[in-house]
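Subject: Structure for you to look at

Dear colleague,

I am handing over the structure we spoke about, with its sequence, and below it you will find my notes on what came out of the analysis. Please read them with the model open beside you.

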Amino acid sequence: MFELALTLSFIFLSLGLVLATVRLLIGPTLPDRVVALEVIASLTIGFILLYSVAFDTPVLIDVVIVLALTSFMAAVGFARYLEQGGQRDDD
């Protein structure tokens, strides 16, 4: 039963990554692309955590923490850029 849950989780995370990548590539506005990039980062964090659980490698949790902090800082940077009047396609 645990293996089935892991397999389904990997499938759903893969589907989410594909859909977020499509939004990143065809998103009509810059904020849409930024949100898609954040979703991709979150799904990647989920992938690494799931892999860590599936193959019993707890050392990868440190990698997840660093990736999450980096993703957060990127989101803050993009938000600040947009707040200060950065180039937006929807204006």
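What radius of gyration does the chain have, and what value would a compact globule of 91 residues be near? The chain has 16 Å, whereas a compact globule of that many residues would be near 12 Å. Please keep in mind throughout that this is a predicted model. Along its principal axes, the C-alpha trace of the chain spans about 50 × 25 × 15 Å.

As for secondary structure, the chain contains 3 helices and 0 strands, and from the N terminus on the order of its elements is α-α-α. Among the contacts between residues at least 6 apart in sequence, 51% join residues that are at least 24 apart.

Turning to the surface, 21% of the 91 residues count as buried, and the accessible surface of the chain comes to about 6,300 Å², with 73% of that area belonging to carbon and sulfur atoms. In terms of charge, the chain carries 4 positive and 9 negative side chains, and the centres of these two sets lie 11 Å apart.

The interior deserves a closer description. The largest nonpolar core has 5 residues, namely Leu-6, Leu-13, Leu-43, Phe-47 and Leu-50. Helices α1 and α2 each supply at least two residues of this core, and the largest share, 3 residues, comes from α2. As general background, nonpolar side chains tend to be buried together in soluble globular proteins.

One member of that core, Leu-6, is placed in helix α1, which covers residues 2-26. Leu-6 counts as buried because its relative accessibility is 12%, and the cut-off for buried is under 20%. If residues up to four places away in sequence are not counted, Leu-6 touches Leu-50 and Ala-54. Leu-6 and Val-59, by contrast, are 53 residues apart in sequence and 19 Å apart in space, taken from C-alpha to C-alpha.

Finally, there is a residue whose backbone you may wish to view. Asp-56 is found in the loop between α2 (30-54) and α3 (60-83), and its phi is near 50°, a positive value in a residue other than glycine. Is Asp-56 buried or exposed? Asp-56 is exposed, because its relative accessible area is 64% and the cut-off for exposed is over 50%.

With best wishes

Methods: Residues numbered from 1 in each chain as written. Predicted model: local features only at pLDDT ≥ 70, side-chain atom pairs only at ≥ 80, totals over all residues. Heavy atoms only, no water. Helix = DSSP H or I, 4+ residues; strand = E, 2+ residues; numbered from the N terminus. Rg over C-alpha atoms; globule rule 2.2 N^0.38 Å. Buried < 20%, exposed > 50% of the residue type's maximum accessible area, 1.4 Å probe, protein only. Contact = heavy atoms within 4.5 Å. Areas by Shrake-Rupley, 256 points an atom, 1.4 Å probe, with all protein chains shown as cover. Lys, Arg positive; Asp, Glu negative; His and termini not counted. Charge placed at Lys NZ, Arg CZ, Asp CG, Glu CD. Core = buried A, V, L, I, M, F, W, Y, C linked by side-chain atoms within 4.5 Å.
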